[in-house]
Structures are given as C-alpha cells and as structure tokens.
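Me: I would like to learn how to read a sheet and its surroundings from a model. Can we take it one feature at a time?

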Amino acid sequence: RGVLKMNEFVKKFGQAVQYLPPRFRDDAMNLDSEMKSKVTEFRLRVGEKLRVNTGSKEIEISNSGVRHEEIRTVLELATKSSVHTTYASLCEGYVTVSGGHRISVCGTAICDGDNIKGFRELSSVSIRIAKEVKDASAEIINHVFDKDKFCNTLIVSPPGHGKTTTLRDLI
C-alpha cells in the first residue's frame, strides 16, 4: 500500500475500533501495523475472546470472553443509543455506521410470522471495516451487459469476498 492508502486504511481501522467495547479497544490498537493492514472485521461472540478476521484466518486478540452487556454496548454505539432509528436495518441483520462500516448482529429474534418484531437476546456482532476497491467489477462487467442492457445475474461467493463491493461498482 502506498502512503496515502495506508493513511486512509489507518483512519478506517481507527473508526471501526471505536465501535468495540472500551476494554477491547487497546487490544485492537496494539496490533502491529502489518496485522492491522490485514484485518477485515472484528468478531465478538458471547463467552468467546475477541477475534479479528484477516480474510484467510481468524485470530484471538483478547485475554477474556465477551459478555452480553458488551454486545449491547456495540449496538448502542452503532445506533448512537437510538435503536429505534435503525430498527428496519437491524431487522435485516445489520446497521451501517459512520465511515461505511457495517455491524452485523446475530441472536434470538421475536417474530410475528415472517416479520421480526424485536430481539430477545443478541449473541454476537461483527464489525466489518469499510474499504474502497476500485474497479471491483472490471473482470465481469463484459459478461453482465448485452449491449446496453443488464442481463439477469447472480453473484455468489463466500462471506467477505466482495459481493456487495462488486454490485456497488456495477451500479
């Protein structure tokens, strides 16, 4: 990464760290620069240590397990203590926060038929660090257009491999 790109990455990493419960922020910030540059998301699961995903592996970076109240803390930080304003997005399983980072939630939902009415208990959250990928659709763009018409297209890949990024670039 060039200097400008590394500075932008450090900024994005620092923004995402602010959504971690306070006792885990130092664990994240104390990672060496090389490791920070590989982190794609933070994963917090009740009873387990804080982990980072590097795209190729998950690494524990804390000494103790995540508590239920810390999952709620992440949600309060993400919604600025106003869960109702992001309720529709949370019912889809995530909320997008300042800087473009995405916080996904997992837990026990209260349902009315096919509709989520609320949450009983959250068991995990992941904080995906936003990053810009230029020309993410360059390899497929000629395959999804026929002249000026967009063809029916299905984008499939494992988590974290750029489906949303590719779709945004196509749009």
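Me: Which residue in β2 is the bridge partner of Arg43?

Reply: First, keep in mind that this is a predicted model. To find a bridge partner, look across from one strand to the strand paired with it. In this case the partner of Arg43 in β2 is Arg51. The pairing of β1 with β2 is antiparallel and covers 3 bridges.

Me: Over how many bridges do β1 and β6 pair?

Reply: β1 and β6 pair over 5 bridges, in the antiparallel sense. For an example, take Glu41, whose bridge partner in β6 is Arg128. β5 and β6 are also antiparallel, with 11 bridges. Ser104 has Ser126 of β6 opposite it.

Me: What lies between the strands in the hairpin of β5 and β6?

Reply: The hairpin has 2 residues between its strands, and Gly113 in this hairpin has a positive phi near 70°.

Me: In what order do the strands of the open sheet run?

Reply: Read from one edge to the other, the 6 strands come as β3-β2-β1-β6-β5-β4, with antiparallel pairing. From each strand to the next, the twist averages 30°.

Me: Why is one side of β3 and of β4 left without a neighbour in the sheet?

Reply: β3 (58–65) and β4 (94–96) are at the edges and have a single partner strand each, so one side of each lacks a neighbour in the sheet.

Me: How should I think about the two faces of a sheet?

Reply: Along a regular strand, side chains alternate between the two faces of the sheet. As for what packs on this sheet, α2 lies across β1, β2 and β3, at about 140° to β3.

Me: Which residues of the largest nonpolar core touch the most other members?

Reply: That core has 29 residues, and those touching the most other members are Phe13, Leu20, Phe42, Leu44, Ile103 and Ile127. Elements giving two or more residues to the core include α1 (3–17), α2 (22–29), α4 (68–79) and β6 (115–128). To read one member, list its contacts beyond its sequence neighbours within four places: for Leu44 these include Leu20, Phe24, Leu50, Ile71, Val125 and Ile127.

Me: Is Asn53 buried or exposed?

Reply: Compare the relative accessible area with the cut-off: buried means under 20%. Asn53, in strand β2, has 11% and is therefore buried. Leaving out residues up to four places away in sequence, Asn53 touches Lys38, Val39, Thr40, Glu41, Arg43 and Glu58.

Methods: Residues numbered from 1 in each chain as written. Predicted model: local features only at pLDDT ≥ 70, side-chain atom pairs only at ≥ 80, totals over all residues. Heavy atoms only, no water. Core = buried A, V, L, I, M, F, W, Y, C linked by side-chain atoms within 4.5 Å. Buried < 20%, exposed > 50% of the residue type's maximum accessible area, 1.4 Å probe, protein only. Helix = DSSP H or I, 4+ residues; strand = E, 2+ residues; numbered from the N terminus. Contact = heavy atoms within 4.5 Å. Pairing = 2+ DSSP bridges. Axes fitted to C-alpha atoms, helices over the stretch in contact; angles between N-to-C directions.
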